[in-house]
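Reader: I'd like to learn how to read a few features off a model like this one. Could you take me through them one at a time?

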Amino acid sequence: MPYASKYEGSEIMEAVLSCKKCLREYKVKRGIPRFVDISNIEESKAQTARNFGWEWAVFDQIDEKYEEQFLGWLQPVKPSFFEGKVVLEGGCGKGRHTLITAKWGAKEVVAVDLSEAVEVAFEKTRHLPNVHIIQADIFKLPLKRKFDYAFSIGVLHHTPSPKEAFIALASRVKENGAISAWVYGAENNRWITTFVNPIRKKITSRMNPRLLYHLSKIPTVLVFSASKFIYKPFANTFLGKNLFYRDYMLYISRFGWREQHSIVFDHLVAPIAEYIPREEFENWWKAINAKDVQITWHNKNSWCGFGRL
Ligand SMILES: C[S@@+](CC[C@H](N)C(=O)[O-])C[C@H]1O[C@@H](n2cnc3c(N)ncnc32)[C@H](O)[C@@H]1O
């Protein structure tokens, strides 16, 4: 039951939510119900929340190519699938997919994130009455209701237990509902797990994000130049077809500097990043007894999954 102390229009901006059953109280601050206190959770999660909170406050742009990108991650789901559905998003970051979900006709969208990125997501979606942003942990979703559809893009592999996070998300989906997840794949990413991961774990994820923001421009120059001036123009030549990490580099060549910088920064800032083998990903779907499961290899470096419950 909410005790609201500040409204803006019909939006409750400041309030206290009190649960009669567990006798706990949760604040609504700046329009967002807060079910997690970052200063009072495990350090690995807190670090994840701090780093991503910083990332999405700075890289808050909404790129026109996000819809196409989102569809790639959601495959085989199409925009019409969202029409009239009550949707849960696990880990919304700056709310780029929350916005698209509402645009594609979802009846209601509840988007959850652990970090202060919820502030950005709230600002971007506050004009949409059917969108609700909540700060919460995917492992402890404060939601009784069940959803027609849940999705999670690029989040589960940043949690201490990706499979448990997936199961927690799936537990909020109705019978006959559906779920989608996109995760980093282990296959084809040995170079990242061998060479980049130790640097990410020991150095870049522990660094001041502002310093990383500037330092990450160095690898971005390499990725940006290679994608725009080598992979794209030579894509259909013999050389271009045999280049290292071709599918992914061609894929990101569509983005400009700002987005590529955000992608590079994102790969270096996360304290936790698991790379999931296909077999393990398949087991997640068995664990939730999903039907009609479709698993797709995306850019030959990540896994998209879809299933019905
Ligand atoms: C790489 S970002 C992806 C955000 C968004 N899905 C997107 O594609 O723009 C990962 C997000 O997962 C969130 N996250 C990490 N652990 C979480 C948890 N335990 N519960 C909820 N969100 C979490 C982070 O705060 C971050 O915003």
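Author: Happy to. Let's settle the element names before anything else: helices (H or I, at least four residues) and strands (E, at least two) are DSSP runs, numbered from the N terminus. Keep in mind too that this is a predicted model.

Reader: Fine. Let's start with the backbone. What should I look for there?

Author: Look for departures from the usual pattern. Most residues other than glycine have a negative phi, and most peptide bonds are trans. Asn188 breaks the phi habit, with a positive value of about 75 degrees although it is not a glycine.

Reader: Where is Asn188 placed, and is Asn188 buried or exposed, or something in between?

Author: Asn188 sits in the loop between β9 (173-184) and α6 (190-202). Asn188 counts as partly exposed because its relative accessibility is 45%, and that class covers what falls between under 20% and over 50%.

Reader: Which strand holds Asp292, and what is the phi of Asp292?

Author: Asp292 belongs to strand β10, residues 291-298. Its phi is near 50 degrees, again positive in a residue other than glycine.

Reader: And the peptide bond from Gln75 to Pro76: cis or trans?

Author: That one is cis, with omega near 15 degrees. Pro76 is in the loop between α2 (66-74) and β5 (86-90).

Reader: Next, empty space. How do I find a pocket?

Author: Rolling a probe the size of a water molecule over the atoms shows where empty space is left. Here the largest pocket holds about 1600 Å³ of space. Its lining is made of 49 residues, and those nearest the centre are Leu17, Pro33, Phe35, Ile134 and Pro142.

Reader: Which elements give two or more residues to the lining of the largest pocket?

Author: The strands are β1 (2-8), β2 (11-18), β3 (25-29), β4 (32-34), β6 (108-113) and β7 (131-135), and helix α4 (117-125) joins them. Sorted by class, the lining has 24 nonpolar, seven polar and 18 charged residues.

Reader: Ile134 came up there. How do I read its surroundings?

Author: Ask where the residue is placed, how accessible it is, and what it touches. Ile134 is in strand β7. Ile134 counts as buried because its relative accessible area is 10%, and the cut-off for buried is under 20%. Leaving aside neighbours within four places in sequence, its contacts include Ile32, Pro33, Phe35, Val110, Val118 and Pro142. Ile134 and Ile32 are 102 residues apart along the chain, while their C-alpha atoms are separated by 5.7 Å.

Reader: What does Ile41 contact, leaving aside neighbours within four places in sequence?

Author: Val36, Ala46 and Leu114. Ile41 itself is placed in the loop between β4 and α1 (43-58). Its C-alpha atom lies 9.8 Å from that of Asp137, with the two positions 96 residues apart along the chain.

Reader: Is Thr101 buried or exposed?

Author: Thr101 counts as buried, because its relative accessibility is 0%. Thr101 is in helix α3, residues 96-103. Not counting residues up to four places away in sequence, Thr101 touches Phe70, Phe82, Val87, Ala106, Val109 and Phe151.

Reader: What about Ser180: where is Ser180 placed, and is Ser180 buried or exposed?

Author: Ser180 lies in strand β9. Ser180 counts as buried because its relative accessibility is 1%. Beyond its sequence neighbours within four places, Ser180 is in contact with residues including Leu74, Val77, Phe151, Trp285 and Phe306.

Reader: Last topic: helix packing. At what angle do α5 and α12 pack, and is their crossing left-handed or right-handed?

Author: For a helix pair, read the angle, the axis separation, the hand and the residues in contact. Helix α5 (residues 162-170) packs on helix α12 (residues 278-287) at an angle of about 30 degrees, and their axes are 10 Å apart. The crossing of α5 and α12 is right-handed. From α5 the contact takes Pro162, Lys163, Phe166 and Ile167, and from α12 it takes Asn283, Trp284, Trp285 and Ala287. By class, this contact of α5 with α12 has six nonpolar, one polar and one charged residues. Trp285, which helps make that contact, is also one of the residues in contact with Ser180.

Definitions and conventions. Residues numbered from 1 in each chain as written. Predicted model: local features only at pLDDT ≥ 70, side-chain atom pairs only at ≥ 80, totals over all residues. Heavy atoms only, no water. 1 Å grid on protein atoms, 1.4 Å probe; cavity = no way out; pocket = protein on both sides within 12 Å on 5 of 7 lines; lining within 4 Å. Points joined across faces, edges and corners; volume = space filled by probe spheres on them. Nonpolar A, V, L, I, M, F, W, Y, C, P; charged D, E, K, R; others polar. Axes fitted to C-alpha atoms, helices over the stretch in contact; angles between N-to-C directions. Left-handed = near helix turned anticlockwise from the far one by under 90°. Contact = heavy atoms within 4.5 Å. Buried < 20%, exposed > 50% of the residue type's maximum accessible area, 1.4 Å probe, protein only.
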